[in-house]
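Dear colleague,

I am passing on a structure for you to look through at your own pace, and below it I have set out what was found there.

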Amino acid sequence: MLPMEKVLRDPIHNYIFIQHQIILDLINTREFQRLRRIRQLGTASSTFHGAEHSRFTHSVGVYEITRQICDLFQRNYPSKAKDDGLWDDHERLVALCAALLHDIGHGPYSHTFEHIFHTDHEAITAEILTSSTTEVNQVLRRVSADFPQEVASVIQKTYPNPQVVQMISSQIDADRMDYLLRDSYYTGTNYGTFDLTRILRVMRPYKEGITFHISGMHAVEDYIVSRFQMYQQVYFHPVSRSMEVILSHLLKRAQVLYENNELDTAITPHLLLPFFENNFCLSDYLKLDDGVLTTYFIHWCESPDKILNDLANRFLNRKPLKSARFNSQTARLLPKLRILVNEAGYNPEYYTATNDSYDLPYDAYDPTSQKRRTQIELMQDDGTLVELSTISNLVAAITGKVSGDERFFFPKEMLAESSQGEIFAPIYKKFQNYIKNGRITALK
Ligand code: NI
């Protein structure tokens with residue numbers, strides 16, 4: 001315990017209360033401070049300009065919600081005998097550390113970066129916790145020799161106490177509750193708000209994890225609806241997705257040039273070379289942040305390679321690709337559209353893409369999934385549990401209903417009118433014949 005608790009000011013939780021020396025020391029480690037330099041939402045700030053908040057601010061927020069849950073559990077449901085299914089406050093420190101460190105393995109633009117360079121933020125999280133080379137590990141080991149592994153097992157969901165695991169990762173956990181409220185606040189959208197205080201009040205421990213008292217059904221319902229809205233309106237936004245496409249093609253282009261010895265050596269991206277060579281270690285990974293990548297993108301804006309140069313400019317100066325929806329019937333037109341893009345002078349490998357919002361690392365509430373952590377269960381007065389969508393018509397209506405939103409991305413120039421580059425005008429026109437109201441349609 002700290003002699004005097006410390007507080008951090010926070011726009012979502014007002015105060016974040018730091019009560020343990022270990023927590024304060026973890027926040028002050030090199031690996032944790034690095035999270036200040038990595039944005040939580042990556043390319044979403046190109047759509048919602050306020051969304052510049054960092055993984056640091058989200059991580060301390062998840063810590064604070066977990067701390068509040070521990071306090072409520074200890075006050076209202078303290079364990080009196082072994083295995084009585086109530087809250088054992090000896091679990092508090094491991095829960096708080098896991099909450100604080102659950103995202104420590106993220107790097108800049110994690111989702112895209114992982115896709116291109118095959119890094120894995122979950123494996124890296126475990127490594128940061130358990131490798132004796134990190135400051136985080138040194139702090140955790142002060143608790144006990146096994147403690148780093150215990151904290152890692154909570155994040156990996158193998159820790160024996162399901163209450164601790166579900167606090168950090170389940171359908172209504174401290175992680176999601178913080179990111180929904182925080183992302184909603186910083187994007188300036190109101191969809192993500194819900195009554196956190198009420199949800200925490202109806203939350204309770206039981207033998208197999210965490211459940212909610214039936215009287216809190218409407219608060220839980222509202223949380224599910226907010227989450228649904230945030231996915232549709234913010235996380236799946238086509239412009240942010242298009243900026244992700246540009247980013248991933250930009251990194252891919254740089255790697256291809258490097259492999260062919262064609263990357264301009266005047267601007268060698270030293271910190272990325274271990275990733276281009278697929279031979280990186282933890283210390284290479286920990287050197288990366290949003291600023292490092294931005295610096296190389298600025299250099300690449302002057303690359304003699306036209307594609308690298310152009311993609312870097314599009315990314316930095318926010319020139320998103322356009323997109324159109326397609327479905328199983330119109331998917332057959334995609335090869336034709338790629339040929340037209342190619343004829344207009346854009347290499348389709350770098351200037352087109354298809355993606356589905358299902359590719360994004362967010363998921364909707366779907367109680368039919370087999371995994372246990374996908375259920376939200378409410379406890380009725382007689383102690384029996386009932387799954388949320390069976391008693392809430394509202395939740396039943398949106399369950400599993402998130403549309404895949406499959407899109408084809410292409411350069412905005414393809415929608416240009418004939419004025420620029422007369423020579424291409426007929427190609428543009430041909431292309432435009434296939435796009436109606438943001439959808440790909442067959443020619444009549
Ligand atoms: Ni998180």
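**What was found**

In this predicted model, R318, K319, K322 and K412 form a positive patch on the surface. One of these residues, R318, sits in the loop between α17 (306-316) and β5 (322-325), and its relative accessibility of 39% makes it count as partly exposed.

Taken as a whole, the protein chain has 22 helices and 11 strands. Its radius of gyration is 24 Å, close to the 22 Å that the globule rule gives for 444 residues, so the chain is as compact as a globular protein of that length. Of those 444 residues, 56% count as buried, and helix α4 (residues 92-101) is mostly covered, with 10 of its 10 residues buried.

The salt bridges come to 19 in total. Side chains of opposite charge can pair when their charged atoms come close. In one such pair, R92 meets D71, with the closest N and O atoms 2.8 Å apart; because R92 lies in helix α4 and D71 in helix α3 (residues 55-76), the pair ties together parts that are 21 residues apart in sequence. R92 counts as buried at 10% relative accessibility, whereas D71, at 25%, is partly exposed. Both residues also belong to a network of salt bridges that links E64, R67, D71, D89 and R92.

A further salt bridge joins D305 and R253 at 2.8 Å, N to O, and this pair links distant parts of the chain, 52 residues apart, with D305 in the loop between α16 (290-300) and α17 and R253 in helix α13 (residues 238-259).

With best wishes

Conventions:
Residues numbered from 1 in each chain as written. Predicted model: local features only at pLDDT ≥ 70, side-chain atom pairs only at ≥ 80, totals over all residues. Heavy atoms only, no water. Patch = residues over 30% accessible without salt bridge, like charges linked within 9 Å, V, L, I, M, F, W, Y side chains within 5 Å. Areas by Shrake-Rupley, 256 points an atom, 1.4 Å probe, with all protein chains shown as cover. Salt bridge = Lys/Arg side-chain N within 4 Å of Asp/Glu carboxyl O. Lys, Arg positive; Asp, Glu negative; His and termini not counted. Charge placed at Lys NZ, Arg CZ, Asp CG, Glu CD. Helix = DSSP H or I, 4+ residues; strand = E, 2+ residues; numbered from the N terminus. Buried < 20%, exposed > 50% of the residue type's maximum accessible area, 1.4 Å probe, protein only. Rg over C-alpha atoms; globule rule 2.2 N^0.38 Å.
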